[in-house]
Amino acid sequence: MSDIPLFPEIPPEQSLIEYPSDFPIKIMGPMHDDFERAIIDLVLRHDPSFHEGKLEKRPSSKGNYLGLTVTVLAVSREQLDNLYRELSSHPMVKMVL
């Protein structure tokens, strides 16, 4: 895995995100028994305070995919970069927004 940030370095005074803050991330993957648990376990590695009350689920209209919105406690740009990187490289994840 590369140590290159996903986003260019932004000085704190120019960041649109204040740390710490709640930060929603949308994740799309297959409608599979293990998908939700895999995402929760992954998110917990980056935000130990995360719990299932901070998770929203939406199945696709045909029921083939599951959209998850996880709201993490963002404490730094590095944390968010690492979380996005790990989510994007997970084999079950189709899209991260």
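The questions and answers below walk through a predicted model, from its sheet and helices to its core and its charged pairs.

Q: In what order do the four strands of the open sheet stand?
A: The strands form an open sheet whose pairing is antiparallel. Two bridges join β1 to β4, while five bridges join β2 to β3. Read across the sheet, the order is β2-β3-β1-β4.

Q: Why is one side of β2 and of β4 left without a neighbour in the sheet?
A: In the order β2-β3-β1-β4, the strands β2 and β4 (95–96) stand at the edges. One side of each is left without a neighbour because each has a single partner strand.

Q: Which residue stands opposite Ile-27 in β4?
A: The strands β1 and β4 run antiparallel and are joined by two bridges. Across from Ile-27, the residue in β4 is Val-96.

Q: At about how many degrees does the direction of α1 stand to that of β3?
A: Helix α1 packs on the sheet, where it touches β1, β2 and β3. The buried residues of this helix pack against β1 (21–30), β2 (55–59) and β3 (65–74), and also against α2 (77–89). Between the direction of α1 and that of β3, the angle is about 15 degrees.

Q: At about how many degrees does α2 run to β1?
A: Helix α2 lies across three strands, namely β1, β3 and β4. Its angle to β1 is about 10 degrees.

Q: How far does helix α1 reach from its first C-alpha to its last?
A: Helix α1 covers residues 35–46 and so has 12 residues, for which a rise of 1.5 Å a residue leads one to expect 16 Å. The span in the model is close to that expectation, at 17 Å.

Q: How many residues are in the largest nonpolar core?
A: Nonpolar side chains tend to be buried together in soluble globular proteins. Here the residues with the most contacts inside the largest core include Ile-25, Phe-35, Ile-39 and Leu-87. At least two residues of this core come from each of β1, α1, β3 and α2. The number of residues in the core is 22.

Q: Which residues does Ile-25 touch, not counting residues up to four places away in sequence?
A: Ile-25 is one of the residues with the most contacts inside the largest nonpolar core. Once residues up to four places away are set aside, Ile-25 touches Leu-68, Thr-69, Val-70, Val-72, Leu-83, Tyr-84, Leu-87, Val-96 and Leu-97.

Q: Is Leu-87 buried or exposed?
A: Leu-87 is placed in helix α2, and its contacts beyond four places in sequence include Ile-25, Ile-27 and Ile-39. The C-alpha atoms of Leu-87 and Ile-39 are separated by 7.8 Å, although the two residues are 48 residues apart along the chain. Because the relative accessibility of Leu-87 is 0%, this residue counts as buried.

Q: Which residue forms a salt bridge with Glu-36?
A: Side chains of opposite charge can pair when their charged atoms come close. Glu-36 is among the buried residues of α1, and its closest N and O atoms in this salt bridge are 3.4 Å apart. The pair links distant parts of the chain, since the partner lies in strand β2, 21 residues apart from Glu-36. That partner, which is partly exposed with a relative accessible area of 49%, is Lys-57.

Q: Which residues are linked with Arg-37 in a network of salt bridges?
A: Arg-37 forms one salt bridge with a residue four places apart in helix α1, about one turn of the helix, where the closest N and O atoms are 3.1 Å apart. Arg-37 forms another, with closest N and O atoms 3.3 Å apart, to a residue in the loop between α1 and β2. The residues linked with Arg-37 in this network are Asp-41 and Glu-52.

Q: Which peptide bond is cis, with omega near -10 degrees?
A: Most residues other than glycine have a negative phi, and most peptide bonds are trans. The bond in question leads into Pro-20, which lies in the segment before β1. The cis peptide bond is the one from Tyr-19 to Pro-20.

How values were computed
Residues are numbered from 1 along each chain as its sequence is written. This is a predicted model: local features need pLDDT of at least 70, side-chain atom pairs count only at pLDDT 80 or more; totals for chains, interfaces and linings use all residues. Side-chain values use heavy atoms; hydrogens and water are left out. Buried means under 20% relative accessible area, exposed over 50%, partly exposed in between (1.4 Å probe, protein chains only). Contact means heavy atoms within 4.5 Å. A nonpolar core is a set of buried Ala, Val, Leu, Ile, Met, Phe, Trp, Tyr and Cys residues joined through side-chain atoms within 4.5 Å. Two strands pair if DSSP finds at least two bridges between them. Axes are lines fitted to C-alpha atoms, for helices over the stretch in contact, and angles run from 0 to 180 degrees between N-to-C directions. A salt bridge is a side-chain nitrogen of Lys or Arg within 4 Å of a carboxyl oxygen of Asp or Glu.
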